[in-house]
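Here are some notes for a colleague who is coming to this structure without having seen it before. They are best read with the sequence and the model side by side.

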Amino acid sequence: NNDHAIPYPTYFHPSKDSEVFEWQRRMRKQKRRHLFSFAGAPRPDLKIRDLIIDQCKSSSKCKLVGCYKGAIRCDDPLNVMEVFQESVFCLQPPGDSYTRRSTFDSILAGCIPVFFHPGSAYAQYLWHFPNTPSKYSVFISENDIKDQKAIINETLLRIPKHQVIAMRKEVIRLIPRVIYANPMAPRLETVEDAFEIAVK
């Protein structure tokens with residue numbers, strides 16, 4: 001009961017409030033040409049990863065950033081962030097642990113995270129995320145993926161447009177809560193970052 005998760009650091013460390021607001025404005029205006037995307041590699045012990053990669057490859061609406069051995073696109077944060085910024089939804093299956101840094105990169109990019117296990121966000125980050133997961137994310141059970149009861153492409157296309165717009169608005173609203181301001185600069189004036197929220 002004394003353990004509380006805090007967000008992984010992203011690549012954005014603003015020095016003043018105006019930088020945060022300008023970034024949020026950019027993410028609101030961002031054109032999103034991919035319905036969904038996934039950045040990651042298969043894992044021998046995680047079948048869900050293979051299934052997600054297969055579904056992404058088979059959909060013309062998905063952009064895959066394969067982080068295979070020898071792949072270079074994953075090493076460059078600009079490449080990954082560019083894909084997330086051009087995507088409506090970002091797939092976030094478990095990785096080395098239930099959660100991944102990619103979740104916070106996707107929020108920073110204004111991309112709605114799609115989770116496959118409740119431990120990836122809903123049982124953690126209780127200080128930083130809303131109590132109602134459906135406000136900012138989509139949940140597809142990994143068992144439904146494994147049992148072929150859910151097709152990611154079809155599930156996401158069924159979400160009404162007004163709901164997608166509301167979720168993206170909430171994700172962009174969350175950006176200040178998951179970033180860490182530049183520690184070498186004065187504190188942000190009106191914005192509370194992840195550190196301030198955790199301390200509070």
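1. In helix α7 of this predicted model, a good number of positions are buried, and they are Val164, Met167, Arg168, Glu170, Val171, Ile172, Leu174, Ile175, Pro176 and Val178. The cover over these buried residues comes from several elements, including α1 (17–29), β3, α4, β4, β5 (138–139) and α8 (194–199). An α-helix has 3.6 residues a turn, so residues three or four places apart point the same way; this is worth keeping in mind when reading the list.

2. The length of α7 can be checked as well. The helix runs over residues 161–178, and because each residue should add 1.5 Å, its 18 residues are expected to span 26 Å, which agrees with the 25 Å between its end C-alpha atoms.

3. Strand β3, which helps to cover α7, contains Ser87. With a relative accessible area of 0%, which is under 20%, Ser87 counts as buried. A polar atom of the Ser87 side chain lies 2.7 Å from the backbone oxygen of Val83. Leaving aside neighbours within four places in sequence, the contacts of Ser87 are Arg32, His34, Phe36, Ser37 and Cys111.

4. How many disulfides does a search of the whole structure find? It finds two. In one of them, Cys90 and Cys111 have their sulfur atoms 2.1 Å apart, and the torsion about the S-S bond is about 115°, so this disulfide is right-handed. The pair links distant parts of the chain, since Cys90 is in strand β3 whereas Cys111 is in the loop between α4 and β4 (112–115), 21 residues apart. Both Cys90 and Cys111 are buried.

5. A disulfide also joins Cys56 to Cys62, with an S to S distance of 1.9 Å. This link is left-handed, with -90° about the S-S bond. Cys56 has a relative accessibility of 1% and therefore counts as buried, and Cys62, with a relative accessible area of 12%, is buried too.

6. Is Arg100, in the loop between β3 (87–92) and α4 (101–108), buried or exposed? Its relative accessibility is 10%, so Arg100 counts as buried. The side chain of Arg100 reaches the backbone oxygen of Leu91 at 3.4 Å. Apart from neighbours within four places in sequence, Arg100 is in contact with a set of residues that includes Tyr8, Phe38, Ala39, Gly40, Arg49 and Leu91. Arg100 and Pro7 are 93 residues apart in sequence, yet their C-alpha atoms are 9.5 Å apart in space.

7. The aromatic residues deserve a separate look, and a search of the whole structure finds eight aromatic pairs. In one of these, the rings of Phe104 and Tyr125 have their centres 5.0 Å apart and their planes at 75°, so the pair is edge-to-face. This pair links distant parts of the chain, with Phe104 in helix α4 and Tyr125 in the loop between β4 and β5, 21 residues apart. Both Phe104 and Tyr125 are buried.

8. Ring pairs also join up into a cluster, which is made of Tyr8, Phe104, Tyr125, Phe129 and Tyr136. Tyr8 in that cluster is also among the contacts of Arg100, and a reader may find it useful to view points 6 and 7 together.

Methods:
Residues numbered from 1 in each chain as written. Predicted model: local features only at pLDDT ≥ 70, side-chain atom pairs only at ≥ 80, totals over all residues. Heavy atoms only, no water. Buried < 20%, exposed > 50% of the residue type's maximum accessible area, 1.4 Å probe, protein only. Contact = heavy atoms within 4.5 Å. Polar contact = N/O pair within 3.5 Å; in protein donor to acceptor, adjacent residues only side chain to side chain. Disulfide = S-S within 2.5 Å. Helix = DSSP H or I, 4+ residues; strand = E, 2+ residues; numbered from the N terminus. Expected span 1.5 Å × (residues − 1). Phe/Tyr/Trp six-rings, centres within 6.5 Å; stacked < 30°, edge-to-face > 60°.
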